[in-house]
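These are my notebook entries on a structure that I went through element by element. I wished to record how the strands are arranged, which charged side chains pair, and which residues are covered or open.

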Amino acid sequence: MDGHTGKVNSVIEILQRRFGDRFTTNQTVRERHGTDESHHATMAPDAVVFPNERAEVQQIIQLCSEHDTPVIPFGVGTSLEGHITALRGGISLDLSNMNSVLSVNAEDLDVTVEAGVTRKQLNQHLRDTGLFFPIDPGADATIGGMSATRASGTNAVRYGTMRDNVLSLGVVLPDGRYIRTGKRARKSSAGYDLTRIFVGSEGTLGAITDVTLRLYGIPETISSAVCTYPTVNDAVNAVILIIQSGIPIARVELIDEVQMQALNRFSGLGYAELPTLFFEFHGTQTGVAEQIKSVRSISDDFSGADFAWASKPEERSKLWKARHDAHYANMQLRPGAKAWPTDVCVPISRLAQCIAETRDDIERSGLLAPIVGHVGDGNFHVDMVLDPDDAGEVARATALNKRLVSRALSMDGTCTGEHGVGLGKIDSLEEEHGDIALDVMRCLKQAIDPKNIMNPGKIVQF
């Protein structure tokens, strides 16, 4: 038995005694906690523990620190870049039992929740207050996980991302101490912005245990529409002009013709298999009518077909559920295959060019790769459907992803708009930021987590 194995075994023995049936080394449970929704191989932790409260999180992390044992915070496992794979074994810290809404401050439009609360659970809790939390990454992710990955989604064009909507965090540091990164005030100039350091840190600096969020009033009127275009370029250019015109649309999603084929088959939509935009409008009845009028006028200039309306709640739910199921729909295009989702984000003025060049690149590669995107903020996704056992196909997908990232960076964009870095885009992070900025990130990591026990091997490596 080597020293590392002996330390992990000591942690396992202690946690087993303390947590009983809330601790497990079951192989199936371990593998589930070492697998996310990405193409990355499963790498299981040595054990999984389910704390019920912050004090228990502190005990677990302090114990792991004393025994130099890795800790990987876990929400529901919906990340897309290998964030939760246990590269060096260790303990998966499953926060799903910490799922209480701690306080709702309706007058201040904010709420504080434990990290294991999911976005759907939160909005269900808020249903009688006239308020809602708008960040919608598709999956019913936990608020802690969404904060850790700096998630966004379909509503980001109107409401921003988690970066814009987290007021403060409660974090257990790598030595077991607990901090609050801020207060509930809407702005502060008091010292370093610790909240923004931990939002997007992907579990590498500490474990998020509670989150204070901004809330918004439920719009008086919500209306959705579907509009098809002759080409992807027409659809994207329509969006660019809509955004540049200052029209406050809530959502605008691009669906290319391959993706629409997949959605029709998987979700039974029945729309024309052409480049398509899904729109949603929020506001007063008069305000929504004005938004629709302006968008239709711009859409007509780019040969947009007549809008197909989805005004009833059940119709809107079906439409957006289909959009959120795109990843699973794509895998049905090629049964037995696995999908490799990737994303980039560019300035809105470069979006049409970036997507057009990416589509040409996909055609040359011979890969099946639908495009879908939150194009209102310049973010789009390529979902490469491939045989993971075909080395040649995997190599072509790897090269395509690398070219996609380089293309976005050459346009002053980013290697990931919302999926995060995790394991999959560490090399891209270096290409994007350069050695000096990456050294600053390593310094932060070493200062906060000198033993490198928090989700080691993600974002930065040593």
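The entries below begin with the sheets and then turn to single residues and salt bridges.

**Entry 1. Status of the model**

I note at the outset that this is a predicted model.

**Entry 2. The seven-stranded sheet**

I looked up the strand order first. Seven strands make an open sheet, S15-S12-S14-S13-S17-S18-S16, and their pairing is antiparallel. I then asked which strands stand at the edges. They are S15 (308–310) and S16 (338–345); each has a single partner strand, so one side of each is left without a neighbour in the sheet. Direction ignored, neighbouring strands in this sheet are turned by 20 degrees against each other on average.

I next followed strand S14 (residues 276–283). Seven of its eight residues are buried, and I therefore entered the strand as mostly covered. Strand S12 (residues 221–228) pairs with S14 in the antiparallel sense over eight bridges. Within this pairing, Ala-225 has Phe-279 of S14 as its bridge partner. Strand S13 (residues 251–255) also runs antiparallel to S14, and five bridges join the two. Here I found Leu-254 opposite Leu-277 in S14.

I also checked what lies across these strands. Helix H9 (residues 232–244) lies across S13 and S14, and it runs at about 165 degrees to S13.

At the S16 edge, I looked up the partner strand. S16 pairs with strand S18 (residues 379–386) in the antiparallel sense, over eight bridges. Pro-341 has Asp-383 in S18 as its bridge partner.

**Entry 3. The five-stranded sheet**

I recorded another open sheet, of five strands, with the order S5-S6-S10-S8-S9 and antiparallel pairing. Strand S5 (101–105) and strand S9 (178–180) are at its edges, each with a single partner strand, so one side of each is left without a neighbour in the sheet. From one strand to the next, the twist averages 10 degrees. S5 and strand S6 (residues 110–114) are paired in the antiparallel sense over four bridges. In that pairing I found Val-111 of S6 as the bridge partner of Val-104.

**Entry 4. Thr-161**

I located Thr-161 in the loop between helix H6 (156–159) and helix H7 (162–165). Is Thr-161 buried or exposed? Its relative accessibility is 19%, and because buried means under 20%, I entered Thr-161 as buried. I then listed what Thr-161 touches: Ile-135, Ala-151, Ser-152 and Ala-156, not counting residues up to four places away in sequence. Thr-161 and Ala-151 are 10 residues apart along the chain, and their C-alpha atoms are separated by 6.2 Å.

**Entry 5. Salt bridges**

Side chains of opposite charge can pair when their charged atoms come close. With a limit of 4 Å between nitrogen and carboxyl oxygen, I arrived at a count of 23 salt bridges.

I examined Asp-68 and Lys-451, whose closest N and O atoms are 3.8 Å apart in a salt bridge. Asp-68 lies in the loop between helix H3 (54–66) and strand S3 (71–74), and Lys-451 in the segment after H16, so the pair ties together parts that are 383 residues apart in sequence. Asp-68 is partly exposed at 32% relative accessible area, and Lys-451 is partly exposed at 45%.

I then took up Arg-119 and Asp-136, a salt bridge with its closest N and O atoms 3.0 Å apart. Arg-119 is in helix H4 (residues 119–125) and Asp-136 in the loop between strand S7 (131–132) and helix H5 (143–148), so the pair ties together parts that are 17 residues apart in sequence. I entered Arg-119 as buried, at 9% relative accessibility; Asp-136 is buried as well, at 8%.

Asp-175 and Arg-177 also meet in a salt bridge, at 2.8 Å from N to O. Of this pair, Asp-175 is partly exposed at 34%, whereas Arg-177 is exposed at 54%.

Finally, I noted a network of salt bridges that links Glu-357, Asp-361, Arg-364, Arg-403 and Arg-407.

**Entry 6. A nonpolar surface patch**

I asked which residues form a nonpolar patch on the surface. They are Ile-436, Val-440 and Leu-444, with about 300 Å² of accessible area together. I placed Ile-436 in helix H16 (residues 426–448). Ile-436 has 70% relative accessibility and counts as exposed.

Technical notes
Residues are numbered from 1 along each chain as its sequence is written. This is a predicted model: local features need pLDDT of at least 70, side-chain atom pairs count only at pLDDT 80 or more; totals for chains, interfaces and linings use all residues. Side-chain values use heavy atoms; hydrogens and water are left out. Patches are made of residues with over 30% relative accessible area and no salt bridge: like charges are joined within 9 Å, nonpolar side chains (Val, Leu, Ile, Met, Phe, Trp, Tyr) within 5 Å. Accessible areas come from the Shrake-Rupley method with a 1.4 Å probe; for residues, only the protein chains shown count as cover. A salt bridge is a side-chain nitrogen of Lys or Arg within 4 Å of a carboxyl oxygen of Asp or Glu. Buried means under 20% relative accessible area, exposed over 50%, partly exposed in between (1.4 Å probe, protein chains only). Two strands pair if DSSP finds at least two bridges between them. Axes are lines fitted to C-alpha atoms, for helices over the stretch in contact, and angles run from 0 to 180 degrees between N-to-C directions. Contact means heavy atoms within 4.5 Å.
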